Every structure is written in structure tokens, then in C-alpha cells.
Amino acid sequence: MRGARLGYDVTGDEHADVVVMAGSIGTTREMWRPQLPVLAERFRVVRVDHRGHGESWVPPGPYTIADLAGDVLDLLDALGVAQVRFCGLSLGGMVGMWLAAHAPDRIRRLAVLCTSAALNVNGSWENRAATVRAQGMSAMLGAAPGRWFTEDFRRDHPNVVDDILAMLAGTPAEGYAGCCDAIAVMDLRADLARITVPTLAIAGADDPATPPAHLEEIARRVPGARLETIPRAAHLANVEHPETVNRLLLAHFTEE
Ligand SMILES: O=C(O)CC1=CCC(=O)O1
């Protein structure tokens, strides 16, 4: 389904409180499949595709995190939803932190997984954007599994890995590159102290893309934030350890 420019779907009781879920660069909203049945028992779950991904619009880049967050606010306005619990992994977590800092009246509780407030190292994201624009998405497929999943998970769950890699392969190159541009210039560190909503930061202990130190920094800077670190988890911790992530999200989002 597509509305207000973003691909999205809605699952759960239409009168329940809303949880918005936004994922990692190079995936679609389907990356939240392991969470959907559990969260939708209690909440109205709105899963979104970032711009340039899935069924969303693909404007020419560069984008900013504020652009991506603005798309989410437009969607919430279109759905008539005033306030949500927000769950974001990686790029989705960046959008969540931006929203909690800049649109605090729209966010009731925040959960961020495997993400960072400032991720650019030595122009790596500018380089990635340039590579994708020159060579297409095939240039991204080789290294992604090693960032996203532990070796054990790749060995034991090849079909799950293939499903997620198909999302990456199907992402429009300009959409992916535009989001790389957004990460390249992002620095949310000064915003974190302004976040007042209850915040849970979840790290994957073996995440090479956003190592635990990035989540530790978020938990240190956001007043009152809580940190959980999941052992034997790489970047897509919600896919590798759904039971743990579901338990943490449910507990955090049902607290008042
Ligand atoms: O590099 C990756 O694919 C991991 C990642 C960093 C930010 C994001 O959204 O995904």
C-alpha cells in the first residue's frame, strides 16, 4: 500500500495505539516480519518503507534524515495519527531520533536498534553512494551479508539471508544512494539531550556496522535511556534474535 508517498502497511486493531516501524538502508518494511505478529496482538502496527525503498517514492538524491522523517510525519498526518511509539533499526533509528528531538509531540516512546547518531567515517558513505550510482545495486550485494548477519546465522538460515538480500537487490540505486547521502551528513549527537520520551537502545554485540559503542553513546546522551545488548547478534538483530527483540519491544512499548 502507498500513501503520502511512502509504501506502508497497517496491521492490528484499528483502535489500538500505533507503533511505527522503520528499517535499515537497503531493506523494505518486510524486514519486520519477525516482529509483526507479536506487536500486532497489542498495537496497530504501521510498517513503512523509507523513500527510495520498497514501494515508496524515489526522488533524486541527496536526501537528509529530516527529509525521511518528514515523509513519516506526512504519512501520520494522512492516516490521522497524532502520536506513536516509534521503533527504528539503523537508518530507521536515525529517523526515530530525529523525530523524538524535533517533533516530540508526535512520539510517545522510542526504541532504536543497531543504529548511530553519527556514522560517517572517512567519507565511507559518500564513497558508497558514488559506487552505487556508478555500478548499481549489484556492487552492494557481496559485503552486506557479513555486516547484517553473524557467520553462524548465515550458515544455519540461508533462506532468511536470501530473502533479505533480495530486498537489497531490489532497492532502486538512486534511492539507496540518496539514503547514503543522508547518513553521510547526519550528526544527531547534539539532538540527543533534547529527547524527553522514554528511550530504549538495543545493540547487537557483534554488529560491525553500528557497533555497541554507538548505542552506548545514544543511551548515555538521551536522558534516562536504557541500553540492552544482545549477544551473538550482528546488524539485523531483529531477524537473528526475534524472541529477544520482541520481548524487549513489547515490554518497552507497553510501559506507561
Ligand atoms: O551498512 C549497512 O548496510 C548497515 C547500515 C548502516 C546504516 C543502515 O541503515 O544500515
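# Exercises on the ligand pocket and its surroundings

The largest pocket has a lining of 15 residues, and those nearest its centre are Leu119, Trp125, Arg128, Arg147 and Ala209. A pocket here is an open set of points on a 1 Å grid over the protein atoms alone, with protein on both sides within 12 Å along at least five of seven lines; a cavity is a set where a 1.4 Å probe fits but cannot get out, and lining residues have an atom within 4 Å of a point. The model is predicted, so local features need pLDDT of at least 70 and side-chain atom pairs pLDDT 80 or more, while totals for chains, interfaces and linings use all residues. Residues are numbered from 1 along each chain as its sequence is written, and side-chain values use heavy atoms, without hydrogens and water.

## Exercise 1

Describe the largest pocket and state what takes up its space.

*Solution.*
1. The volume of the largest pocket is about 180 Å³.
2. Its lining comprises 8 nonpolar, 5 polar and 2 charged residues.
3. At least two lining residues come from each of α4 and α5.
4. The ligand takes the space of this largest pocket.

## Exercise 2

Identify the residues around the ligand and the polar contacts of Leu91, Arg128 and His235 with the ligand.

*Solution.*
1. Among the residues around the ligand (a heavy atom within 4 Å) are Ser24, Ser90, Trp148 and Ile183.
2. By class, this shell holds 7 nonpolar, 3 polar and 2 charged residues.
3. A polar contact is a pair of N or O atoms within 3.5 Å. In the side chain of Arg128, an N or O atom is 2.7 Å from a ligand oxygen.
4. A polar backbone atom of Leu91 lies 3.0 Å from an oxygen atom of the ligand.
5. For the side chain of His235, the distance from an N or O atom to a ligand oxygen is 3.3 Å.
6. The ligand taken alone exposes 290 Å², of which the protein buries 99%; the areas come from the Shrake-Rupley method with a 1.4 Å probe.
7. The elements giving two or more residues to the shell are α4 (124-135) and α5 (144-148).

## Exercise 3

Determine how many cavities of 30 Å³ or more the structure has, and describe the largest.

*Solution.*
1. The search of the whole structure gives 1 cavity of 30 Å³ or more.
2. The largest cavity encloses about 40 Å³.
3. Its lining includes Ser24, Arg29, Asp49 and His53.
4. The lining divides into 1 nonpolar, 6 polar and 2 charged residues.

## Exercise 4

Locate Pro62 and Asn122, and describe the backbone at each.

*Solution.*
1. Gly61 and Pro62 are joined by a cis peptide bond with omega of about 5°.
2. Pro62 belongs to the loop between β4 (44-48) and α2 (65-79).
3. Asn122, although not a glycine, has a positive phi of about 50°.
4. Asn122 lies in the loop between β6 (107-113) and α4.

Technical notes. Polar contact = N/O pair within 3.5 Å; in protein donor to acceptor, adjacent residues only side chain to side chain. Sits in = over half its atoms within 2 Å of the grid points. Helix = DSSP H or I, 4+ residues; strand = E, 2+ residues; numbered from the N terminus. Nonpolar A, V, L, I, M, F, W, Y, C, P; charged D, E, K, R; others polar. Points joined across faces, edges and corners; volume = space filled by probe spheres on them.
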